[in-house]
Amino acid sequence: MKTIIIDVGNTFVKATLFKGTEVEKSEHFRHSDFHSVQQFLQEHPADRGAYAVVGHISGSLQKVINGAKTKFDLITVSDIPADVIENRYSTPHTLGIDRIAAVIGAKSLSEPGSNIMVVDVGTCITFDFAIGNAYLGGNISPGINMRLRAMHAYTESLPKVFADGYAPEIGNSTETAMRSGVLSGISFEIEGAIQHFQQKFNNLKVYLTGGGAKQLQISENIRTFADDFLVERGINEIINK
């Protein structure tokens, strides 16, 4: 069975085609590029589809999804069956579907009953946990570009700097000092969190995902697994149930 999952995130729209549980094709699009999303759906017909929204979906993109040959169902946190994961978040109505879906996706790649930590480096950085079959919640921290923009916005002299570019271990200009400071700071933050929670939870499997993860230098001594499709795998697991 072929399934298309559309993940409408804060920054990008990601369309992923699954054959069973395996990823066949995936592409990223800007929110305004709904014509390319439409083309992807036309070129990759599927037996079923599902989409999840974090934040806002434009009327144009919603129209593309509604008009596709593949029938799409909107997946929300309230749609997740308890046998997939027990949600212990105290305010489930405020929980982004991407956070809990990423944990479900990581669980699908792990042995049954594994303890899971997912670090998603996107617009924000999220740390989420499943202990056994219970989703506990996690923490949220500013993402790479958010930190860079904040330094520019809240000071008079620091320039506008983008994440892509030269980032030496020790910055040798204001631009590289800002970029390296953010990237190394986030790397140290993630490494510290992993080390802390690996001591707290036995046999904790750590998964890194998100578009910004590739820009970081996480120590090879910290055992982690990288997967670009945790959210999509999780939504696929939800509709499989």
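# A first tour of helices, sheet and hollows

Visitor: At what angle do H3 and H6 pack?

Guide: Picture H3 (residues 97-108) and H6 (230-240) as two rods whose axes are 6 Å apart. Helices here are DSSP runs of H or I at least four residues long, strands are runs of E of at least two, and both are numbered from the N terminus. Axes are lines fitted to C-alpha atoms, for helices over the stretch in contact, and angles run from 0 to 180 degrees between N-to-C directions. Between H3 and H6, the angle is about 80°.

Visitor: What kind of model is this?

Guide: Residues are numbered from 1 along each chain as its sequence is written, while side-chain values use heavy atoms and leave out hydrogens and water. Local features need pLDDT of at least 70, side-chain atom pairs count only at pLDDT 80 or more, and totals for chains, interfaces and linings use all residues, as this is a predicted model.

Visitor: Are H3 and H6 roughly parallel or roughly perpendicular?

Guide: Angles under 35 degrees count as roughly parallel, over 145 as roughly antiparallel, 65 to 115 as roughly perpendicular, and the rest as oblique. The H3 and H6 angle is about 80°, and that makes the two helices roughly perpendicular.

Visitor: How many charged residues does the contact of H3 with H6 have?

Guide: Contact means heavy atoms within 4.5 Å, and among the residues making it are Ala-101, Ile-104 and Gly-105 of H3 and Leu-230, Arg-233 and Ile-235 of H6. For classes, Ala, Val, Leu, Ile, Met, Phe, Trp, Tyr, Cys and Pro count as nonpolar, Asp, Glu, Lys and Arg as charged, and the others, Gly among them, as polar. The contact splits into eight nonpolar, three polar and, for the charged residues, three.

Visitor: How many charged residues are in the contact of H1 with H2?

Guide: The axes of H1 (residues 34-43) and H2 (residues 59-67) come within 9 Å and cross at roughly 10°, so these helices are roughly parallel to each other. Phe-34, Val-37, Gln-38 and Leu-41 of H1 meet Ser-60, Leu-61 and Val-64 of H2. By class that gives five nonpolar, two polar and, for charged, no residues.

Visitor: Which are the edge strands of the six-stranded sheet?

Guide: This open sheet runs in the order S6-S9-S8-S7-S10-S11, with mixed pairing; two strands pair if DSSP finds at least two bridges between them. An edge strand pairs on one side only, and that fits S6 (86-87) and S11 (225-226).

Visitor: Which residue in S10 stands opposite Val-118?

Guide: S7 (residues 115-121) and S10 (residues 204-209) pair in the parallel sense over six bridges. Opposite Val-118 in S10 stands Tyr-207.

Visitor: At what angle does H4 run to S9?

Guide: Two helices come into play here, and H3 lies across S6, S7, S8 (124-131), S9 (134-142) and S10, running at about 120° to S9. H4 (residues 144-153) lies across S7, S8 and S9, and its angle to S9 is about 30°.

Visitor: Which element gives the largest share of the lining of the largest pocket?

Guide: On a 1 Å grid over the protein atoms alone, a pocket is an open set of points with protein on both sides within 12 Å along at least five of seven lines, a cavity is a set where a 1.4 Å probe fits but cannot get out, and lining residues have an atom within 4 Å of a point. Grid points are joined across faces, edges and corners, and a volume is the space filled by probe spheres set on the points. The largest pocket holds about 1,300 Å³, and of its 39 lining residues the closest to the centre are Thr-11, Val-121, Gly-122, Thr-123 and Gly-211. The largest share, four residues, comes from H4.

Visitor: Which element gives the most to the lining of the largest cavity?

Guide: There are two cavities of 30 Å³ or more, and the largest has about 40 Å³ of space. Asp-98, Arg-99, Ala-102, Val-118, Asp-120, Thr-126 and Asp-128 line this cavity, and by class they are two nonpolar, one polar and four charged. Giving the most, with three residues, is H3.

Visitor: Which residue takes a positive phi in the hairpin of S2 and S3?

Guide: S2 (12-19) and S3 (22-30) pair in the antiparallel sense over eight bridges, and Val-13 stands opposite Phe-29 in S3. The hairpin has two residues between the strands, and the one with a positive phi near 65° is Gly-20.
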